[in-house]
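Trainee: I am new to this structure and would be grateful for a close look at one helix, with enough of the surroundings to place it.

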Amino acid sequence: MTDVFISYSRADKERVAQLASAIEAEGYDVWWDEELPPHMSYGDVITDKIENAKAAVVVWSADASKSEWVRAEADAARNHKKLIQTALADIIPPLPFNQIQCADLSDWQGEEDHPGWRKVKQSLVALCGAREANIAAEPVVAAPPPPPALSRGPPGKRTGRSLSTPR
């Protein structure tokens with residue numbers, strides 16, 4: 001099963017490839033139309049992929065906003081409650097998508113601490129669950145040290161109290 005479906009305009013292919021790689025680096029299985037089988041109907045494949053993905057990332061740009069395919073894919077994702085919106089430019093998504101938060105990736109160059117990218121990662125975890133890449137990035141808290149062992153003095157003489165010794 002695919003974790004993440006990506007919807008975009010072909011004019012934005014290079015930037016979307018960067019986004020797809022970053023999502024895969026987080027441990028998620030990504031599908032975008034680079035993997036479209038030539039023997040199947042585009043509409044059937046897209047419908048199946050959106051329905052079976054855990055999340056759908058829509059990459060808005062001026063070209064994507066004009067695309068009926070991107071709008072239809074965003075609508076299907078919204079109806080399935082799996083829409084994650086991103087913007088590659090200073091753009092407001094078209095109606096009705098302008099009513100939903102959108103992560104601004106207009107100046108993102110792959111930085112881990114970019115505010116828009118952090119929002120995308122939070123949404124991926126919420127919809128798809130945490131992955132190994134996410135878990136590995138979490139700080140590891142060391143277990144507390146074991147309590148000191150009872151020390152023994154000279155033979156026959158204890159310096160600590162045994163659990164079986166009456167009080």
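**A close look at helix α1**

Mentor: Just after α1, Gly27 adopts a positive phi of about 105°. That residue follows the helix under discussion, and the wider setting is best given before returning to it.

The model is predicted. The protein chain has a mean pLDDT of 84, with 78% of its residues at 70 or more. Confidence is not even along the chain: for residues 136-143 the pLDDT is below 50, and this stretch has zero contacts in the model beyond near neighbours in sequence. Residues 157-167 also have a pLDDT below 50, but 11 contacts beyond near neighbours in sequence are found for that stretch.

The protein chain contains six helices and five strands, and along the sequence these follow the pattern β-α-β-α-β-α-α-β-β-α-α. Of its 167 residues, 37% count as buried. Among the contacts with a separation of 6 or more, 64% join residues 24 or more positions apart.

Helix α1 itself covers residues 13-25, which makes 13 residues. From its first C-alpha to its last it reaches 18 Å, close to the 18 Å expected at 1.5 Å a residue. Its buried residues are Val16, Leu19, Ala20, Ala22 and Ile23. These lie on the same side of α1, because they cover an arc of only 160° around the axis. The face turned away from that buried side carries Glu14 and Ala25, both exposed.

What do the buried residues of α1 pack against? Their partners are the strands β1 (4-7), β2 (30-31), β3 (55-60) and β4 (83-87), together with the helix α5 (115-128).

One of these partners, β4, also helps to locate two further details of the backbone. The loop between α4 (68-79) and β4 holds Lys81. Phi of Lys81 is near 60°, a positive value in a residue other than glycine. Lys81 counts as exposed because its relative accessibility is 70%, where the cut-off for exposed is over 50%. In the loop between β4 and β5 (103-104) lies Pro96. The peptide bond that leads from Leu95 to Pro96 is cis, with omega near -5°.

As for the surface as a whole, the accessible area of the protein chain comes to about 10400 Å², and 54% of it belongs to carbon and sulfur atoms.

Note on methods: Residues are numbered from 1 along each chain as its sequence is written. This is a predicted model: local features need pLDDT of at least 70, side-chain atom pairs count only at pLDDT 80 or more; totals for chains, interfaces and linings use all residues. Side-chain values use heavy atoms; hydrogens and water are left out. pLDDT is the predictor's confidence in each residue, from 0 to 100. Contact means heavy atoms within 4.5 Å. Helices (H or I, at least four residues) and strands (E, at least two) are DSSP runs, numbered from the N terminus. The expected span of a helix is 1.5 Å times one less than its number of residues. Buried means under 20% relative accessible area, exposed over 50%, partly exposed in between (1.4 Å probe, protein chains only). The arc is that of the directions from the helix axis to the C-beta atoms. Accessible areas come from the Shrake-Rupley method with a 1.4 Å probe; for residues, only the protein chains shown count as cover.
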